[in-house]
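Hi,

Here is the structure I promised to pass on. Have a look at it first, and my notes follow underneath.

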2 protein chains.
Amino acid sequence: MTQEIKPDHATELAAAVEAAAEFRQHGRATINDIARIAKVSKKTVSRVINDSPLVKPRTREIVKAIIAELGYAPDPQARALALRRSFLVGLVYDNPSPQYVVNMQRGILDALEETDFQLVLRPVSRTDDHYPGRLRQFIQQHKPFGLILPPSVSEDDALCEMFRANDVDYVRIASGMLDEPGRMILTHDSEGAAQAARHLCALGHEHIAHIHGPESFRSAHERRGGFQRALEEAGRALDPGLTVEGGYTFDSGLQAMERLLYAKRRPTAVFAGNDEMATGAYVAVRKAGLRIPDDVSIVGFDDTPIAGRLWPALTTVRLPIREMGRAAAALLLEQAAGVEREEVISFTPEIVVRESTAAPAGRA
Amino acid sequence: MTQEIKPDHATELAAAVEAAAEFRQHGRATINDIARIAKVSKKTVSRVINDSPLVKPRTREIVKAIIAELGYAPDPQARALALRRSFLVGLVYDNPSPQYVVNMQRGILDALEETDFQLVLRPVSRTDDHYPGRLRQFIQQHKPFGLILPPSVSEDDALCEMFRANDVDYVRIASGMLDEPGRMILTHDSEGAAQAARHLCALGHEHIAHIHGPESFRSAHERRGGFQRALEEAGRALDPGLTVEGGYTFDSGLQAMERLLYAKRRPTAVFAGNDEMATGAYVAVRKAGLRIPDDVSIVGFDDTPIAGRLWPALTTVRLPIREMGRAAAALLLEQAAGVEREEVISFTPEIVVRESTAAPAGRA
DNA sequence: CTGAAAGCGCTTACAG
DNA sequence: CTGAAAGCGCTTACAG
């Protein structure tokens with residue numbers, strides 16, 4: 001006489017795990033192995049992998065237990081082929097600062113850490129006319145899951161349109177609202193610059209210069225604008241004679257500062273649009289035989305590592321680049337999950353006061 | 001009456017290209033499209049893609065013409081699935097210098113530029129015990145084409161053994177001969193350090209200090225060794241009382257220099273094991289109210305961008321990091337092509353003389 | 001030198 | 001809630 005035995009859930013689960021354990025030695029498992037051991041179809045395993053709700057909780061639990069026991073991970077190449085979409089997240093950048101790039105990479109990697117996504121690097125040169133074409137080819141061939149765009153590539157509207165046309169998700173990091181909230185990380189550069197202005201005004205400076213970045217960078221406008229507004233709110237004005245354009249480079253900062261030092265009335269403080277230019281300004285001041293901050297106070301922007309390594313250490317405005325990268329990658333995942341975001345994610349830089357700023361000589 | 005027309009090769013080729021041109025609008029081509037238009041099997045197209053010699057030159061030419069006309073590129077995901085090997089090259093690094101990392105990335109990207117390979121980033125922490133396990137999982141799941149290992153991960157023999165066991169190609173970049181020539185990029189750090197020693201001796205320094213890197217870094221030994229040997233060849237010796245250990249960081253350089261400044265007899269020149277520590281040494285000298293190079297000459301190692309931005313600009317030893325990255329990636333491709341290399345590829349650093357070194361005060 | 005069949009490890013409609 | 005069949009775009013033996 002046969003007797004129908006209806007095993008309870010715990011028994012069933014234990015049996016499945018045991019069957020899985022026996023399989024262990026046979027090398028890397030596939031979806032078929034999981035299905036066979038779980039006694040379900042591979043489609044059901046696929047549903048579990050993809051978190052489909054259409055699986056009985058009990059079935060799901062058994063499948064998950066076997067997956068855990070075998071340390072199974074689905075093959076990204078096979079999934080990509082079937083999904084027509086790879087598990088690569090591309091960082092498309094033209095930012096010249098290695099520090100910026102590395103920090104952004106770190107942030108993105110933080111967010112991708114426990115996922116199946118890999119970060120691939122796509123440096124570009126915006127002065128190369130072929131760069132959108134190359135990117136299109138990359139996209140069509142590698143079908144990246146999504147792209148992250150820091151400044152200044154993030155400011156290229158035509159490029160983003162191409163991404164949309166090719167059905168590729170992206171997140172733009174920029175100092176202006178260039179896209180819908182779900183595709184943007186906003187940085188309030190103008191507010192950071194305003195903090196620099198307030199700091200210098202509070203120290204008593206009246207005669208303040210600004211070395212701004214190139215007109216082609218949105219951040220240069222934002223920073224100049226915020227600085228100017230805050231000066232005006234404090235009853236000062238940004239003297240056009242003390243406003244010089246640089247190229248965000250060390251050399252341009254050095255040259256701009258040299259010009260400022262020979263102005264009719266030498267400024268007692270200078271706000272440089274980034275740390276690179278501030279570093280150049282240091283050298284110009286030194287070469288002129290002047291002292292920082294005794295003769296001239298200097299403020300930078302970015303808080304790159306060089307800021308703390310200069311002597312005296314540079315007062316500057318810090319943008320949390322790593323956190324921004326993390327947020328951008330998280331937003332990309334959110335976007336893929338179909339979340340509709342209404343509010344933009346934004347970051348406000350903060351001034352870091354070190355040793356390069358002090359009250360002007362007359363007021364010391 | 002039908003007449004057999006045997007078209008010549010040129011006609012045949014032109015016809016194929018025309019057929020391809022007609023196809024153009026239908027979206028992205030696959031290997032099947034190419035095969036159909038070329039009137040061959042897809043296996044033959046696959047042979048052409050993979051540069052198999054087993055294809056009649058004429059057939060190959062026609063297939064290549066159609067591929068070019070359609071701008072066809074094989075799907076990397078599909079190839080990866082069939083080949084059980086992806087087109088990803090992993091950069092596995094724990095190097096703390098952003099400048100080093102970014103330059104290495106650039107070099108690798110240079111070499112991968114016109115290939116189908118993508119660079120993926122795998123930062124690791126050697127102090128994390130789980131890091132080999134995580135890497136193994138990455139390897140087994142993503143089946144990277146190969147890995148590039150700069151110092152100090154490159155010095156981990158057990159890790160490389162795991163790579164071999166998992167049948168993954170790799171290239172180690174190190175200052176010692178740790179592996180066979182086909183898997184190594186060698187840097188002659190000791191020779192660079194020797195150049196620093198010769199430079200200081202030539203200037204007339206007798207009383208020379210050295211701030212070396214941490215014992216756990218092979219480069220620290222190589223640099224100290226090369227420096228010491230060259231000093232001895234010049235009839236000097238490395239005074240143990242003027243040899244201090246730092247941690248390759250700014251702060252450690254500052255502290256080490258402070259100790260040296262209070263030595264019984266202050267050194268007239270200091271060789272720092274890297275630019276970071278040299279930068280710290282600058283600050284210590286400044287804080288002590290001394291001048292560079294008038295009171296103390298300083299030499300760094302690496303030639304990171306900060307070297308040229310300091311005041312006075314830092315004399316340092318430059319390693320061509322970007323070229324090293326390029327060579328490493330090229331070597332990986334060579335390895336995959338089955339080339340057996342007998343001679344190791346090596347790079348010798350060179351001193352870059354700037355403004356931080358001069359004859360000692362007494363001899364000016 | 002060339003091709004038809006099978007397979008890499010997944011997912012997508014479709015049917016139940 | 002579950003499964004059998006077909007397909008993603010390639011390559012690998014195998015046969016000729």
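Through which surface do the copies meet? They meet through the same surface, because 100% of the interface residues of chain B are also interface residues in chain A.

Before the details, some housekeeping. This is a predicted model, so to read what follows: local features need pLDDT of at least 70, side-chain atom pairs count only at pLDDT 80 or more, and totals for chains, interfaces and linings use all residues. Residues are numbered from 1 along each chain as its sequence is written, while chains are lettered from A and ligands numbered from 1 in the order in which they are written.

**The two chains**

Chain B goes onto chain A by a rotation of 180 degrees with 0.0 Å of shift along the axis, at an RMSD of 0.2 Å. The fit is by least squares on the C-alpha atoms of residues with pLDDT of at least 70 in both copies. That is the relation of a two-fold axis. In chain B, B:Val120 has the C-alpha nearest the axis, 2.3 Å from it.

As for the interface, 31 residues of chain B are in contact with 31 residues of chain A (contact means C-beta atoms, placed from the backbone, within 7 Å). On chain B's side, the elements giving two or more residues are α5, α6 (98–112), β2 (118–123), α7 (131–142), α12 (275–287) and α13 (306–309). Helices (H or I, at least four residues) and strands (E, at least two) are DSSP runs, numbered from the N terminus. α6(B) has the largest share of that side, with six residues. By class, the side of chain B that touches chain A has 19 nonpolar, nine polar and three charged residues. Here Ala, Val, Leu, Ile, Met, Phe, Trp, Tyr, Cys and Pro are nonpolar, Asp, Glu, Lys and Arg are charged, and the others, Gly among them, are polar.

**The DNA**

There are 24 residues around DNA strand C, and A:Ile31, A:Ser46, A:Ala78, A:Ala82 and B:Ser41 come nearest. A residue is near a strand if its C-beta atom, placed from the backbone, lies within 6 Å of it. Both chains take part: α3 (42–49) and α5 (76–83) of chain A and α3 (42–49) and α5 (76–83) of chain B each supply at least two residues. α5(A) gives the largest share of the surface near strand C, five residues.

For DNA strand D, the nearest of the 24 residues are A:Ser41, B:Ile31, B:Ser46, B:Ala78 and B:Ala82. α5(B) has the largest share there, five residues. The surface near strand D divides into 12 nonpolar, six polar and six charged residues.

**Domains and cores**

Chain A is split into domain 1 (9–74), domain 2 (82–188 + 321–347) and domain 3 (189–318 + 351–363), with bounds from an automatic or database domain assignment. The centres of domain 1 and domain 3 of chain A, taken over C-alpha atoms, are 62 Å apart.

The largest nonpolar core has 94 residues, of which A:Ile108, A:Ala328, B:Ile108 and B:Ala328 touch the most other members. A core is a set of buried Ala, Val, Leu, Ile, Met, Phe, Trp, Tyr and Cys residues joined through C-beta atoms within 7 Å. Buried means 20 or more other C-beta atoms within 10 Å of a residue's own, exposed 12 or fewer, and partly exposed in between, with C-beta atoms placed from the backbone. Beyond its neighbours within four places in sequence, B:Ala328 is in contact with B:Ile108, B:Ile148, B:Val171, B:Ile173 and B:Ile185. A second, separate core of 84 residues includes A:Leu254, A:Val317, B:Ile292 and B:Leu314.

**Backbone oddities**

Most residues other than glycine have a negative phi, and most peptide bonds are trans. Here are some exceptions.

- A:Pro151 and A:Ser152 are joined by a cis peptide bond, omega about 0 degrees; A:Ser152 lies in the loop between β3 (146–149) and α8 (157–165) of chain A.
- A:Trp311 and A:Pro312 are also joined by a cis peptide bond, omega about -5 degrees.
- A:Lys143 has a positive phi of about 45 degrees, and counts as buried because 21 C-beta neighbours lie inside 10 Å.
- B:Asp167 has a positive phi near 65 degrees, but counts as exposed, with 10 C-beta neighbours inside 10 Å.

Cheers

How values were computed
Contact = placed C-beta atoms within 7 Å.
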